[in-house]
Amino acid sequence: MSTPATRGWGQAPTPRSDIVPVALGTEQVNAAPGVHRRIAPLVVELAHRWEQITGDLLVAGWCWGYAPRRIRGGSAWSNHAWGLAVDLNAPRWPLHSTRRPPNADQMRSAADDLGFRWGAYYSGRRDPMHFEFMGTPGDADRIASTIRTAPFDLEDTMFCAYGDTDSDAVRALQIRLRYVGADVIKVLTSGGDADGVDGHYGDLTARALATALDRPDPVRRYGPWQHEWLRAEVTRQLLRRATFIQPDAAADGVPEHTHRAEVLLE
Ligand SMILES: [Zn+2]
């Protein structure tokens with residue numbers, strides 16, 4: 001098996017001078033203290049994709065990068081010692097957990113495209129917080145050159161409109177609505193879609209939004225005006241606070257939903 005040393009990254013640990021801080025996700029959080037400078041753009045994009053695909057917003061203090069240490073329980077250097085590994089929302093996705101966030105297969109494929117292997121799919125000890133870069137320094141530069149990095153902004157998810165179908169923005173909105181409360185989940189799942197996320201902004205999504213905002217049925221009473229709710233500050237705050245929570249007791253791979261939004265960002 002290759003190691004970062006055999007792939008041209010030098011001996012561990014990487015000097016601190018090659019580690020740079022990163023600004024990840026909606027809240028622009030660092031993976032403290034940072035990651036190897038050559039993969040920094042890849043980590044930023046990985047975090048962007050994580051939030052878009054799983055709907056799990058990254059929390060300040062919960063993401064970790066460089067650490068000059070050995071693998072937990074082993075003698076080999078951890079990829080963290082090269083600054084080539086990142087842990088996303090670590091307390092929510094702990095080592096040994098077999099749980100995965102929503103749309104995990106899609107996330108795995110996105111990570112793969114960026115050159116990262118994801119611990120949520122390890123055959124042995126699972127590590128769902130953990131992503132590590134598997135390429136050479138040259139691979140990192142090549143992949144970075146293919147990324148058109150756009151800073152992730154929660155407002156992006158407001159740009160969907162009634163009638164939109166199969167868009168990432170609608171899916172992101174639906175995932176966040178599911179995290180807000182049981183009533184919303186019931187509305188979305190009553191449409192026959194098992195996980196309540198179908199990428200279509202039709203009546204069900206509109207009603208889920210209305211329920212989350214505790215408004216009358218927008219389809220009957222407000223028609224197209226409900227689109228404006230998406231751009232309203234109160235909606236923005238609601239969706240920003242909607243966050244994924246999964247009790248430890250949850251069955252493997254099956255997301256559990258809370259009955260209340262958990263406010264983590266205040
Ligand atoms: Zn890790």
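# A tour starting from the H2/H3 pair

Select helices H2 and H3: their axes come within 10 Å of each other and cross at roughly 165°. An angle over 145 degrees counts as roughly antiparallel, so H2 is roughly antiparallel to H3. The crossing of the two helices is right-handed. This is a predicted model, and everything on the tour should be read as such.

Now show side chains where the two helices meet. On the H2 side, pick Leu46, Arg49, Trp50, Ile53 and Thr54. On the H3 side, pick Gln106, Met107, Ala110 and Ala111. Sorted by class, the contact between H2 and H3 has six nonpolar, two polar and one charged residues.

**The chain as a whole**

Zoom out and colour by secondary structure. The chain has 10 helices and five strands. Of its 266 residues, 41% count as buried. Among contacts with a separation of 6 or more, 61% are between residues 24 or more positions apart.

**The largest core**

Which residues have the most contacts inside the largest nonpolar core? Select Val35, Val43 and Leu46; the core they belong to has 39 residues. Leu46 was also selected a moment ago, as part of the H2 side of the helix contact.

To see where this core draws its residues from, highlight helix H2 (40-54), strand S3 (85-87), helix H3 (104-113), strand S4 (116-118) and strand S5 (130-133), the elements that each give two or more residues to it. H2 gives the most, with eight residues.

Centre the view on Val35. Leaving aside residues up to four places away in sequence, Val35 touches Ile19, Val22, Ala40, Val43, Gly65, Tyr66, Gly83 and Val86. Val43 in that set is, like Val35, among the residues with the most contacts inside the core.

There is also a second core, separate from the one just visited. This one has 14 residues; to find it, select Val170, Ala172, Ile175 and Ala206, which are included in it.

**Two cis peptide bonds**

Move to residue 13. Pro13 lies in the loop between helix H1 (5-9) and strand S1 (19-20). The bond joining Ala12 and Pro13 is a cis peptide bond, with omega about -10°.

Continue to Pro33, in the loop between S1 and strand S2 (35-36). The peptide bond from Ala32 to Pro33 is cis as well, with omega near -5°. These bonds merit a stop because most peptide bonds are trans.

Stay in the loop between S1 and S2 and select Gly25. Is Gly25 buried or exposed? Gly25 is buried, with 24 other C-beta atoms within 10 Å. Draw a distance from Gly25 to Leu46: the C-alpha atoms are separated by 9.2 Å, and the residues are 21 apart along the chain.

**Two positive phi values**

Most residues other than glycine have a negative phi. The next two stops do not follow that pattern.

Select Asn89, in the loop between S3 and H3. Asn89 is not a glycine, yet its phi is positive, about 45°. Asn89 has 23 other C-beta atoms within 10 Å and is buried.

His96 is in the loop between S3 and H3 too. Its phi is near 80°, again a positive value in a residue other than glycine. How many C-beta neighbours does His96 have inside 10 Å? There are 8, so His96 counts as exposed.

**Gly163 and Leu238**

Go next to Gly163, in the loop between helix H4 (137-146) and helix H5 (168-180). Gly163 is exposed, with 11 other C-beta atoms within 10 Å. Add Gly202 to the selection: Gly163 and Gly202 are 39 residues apart in sequence, and 5.6 Å apart in space from C-alpha to C-alpha.

The last stop is Leu238, in helix H10 (residues 233-241). With 19 other C-beta atoms within 10 Å, Leu238 is partly exposed; a residue counts as buried at 20 or more. Finally, select Arg176 alongside Leu238. The two are 62 residues apart in sequence, while their C-alpha atoms are 9.1 Å apart in space.

Methods
Residues numbered from 1 in each chain as written. Predicted model: local features only at pLDDT ≥ 70, side-chain atom pairs only at ≥ 80, totals over all residues. Core = buried A, V, L, I, M, F, W, Y, C linked by C-beta atoms within 7 Å. Buried ≥ 20, exposed ≤ 12 C-beta atoms within 10 Å, placed from the backbone. Helix = DSSP H or I, 4+ residues; strand = E, 2+ residues; numbered from the N terminus. Contact = placed C-beta atoms within 7 Å. Axes fitted to C-alpha atoms, helices over the stretch in contact; angles between N-to-C directions. Parallel < 35°, antiparallel > 145°, perpendicular 65-115°, else oblique. Left-handed = near helix turned anticlockwise from the far one by under 90°. Nonpolar A, V, L, I, M, F, W, Y, C, P; charged D, E, K, R; others polar.
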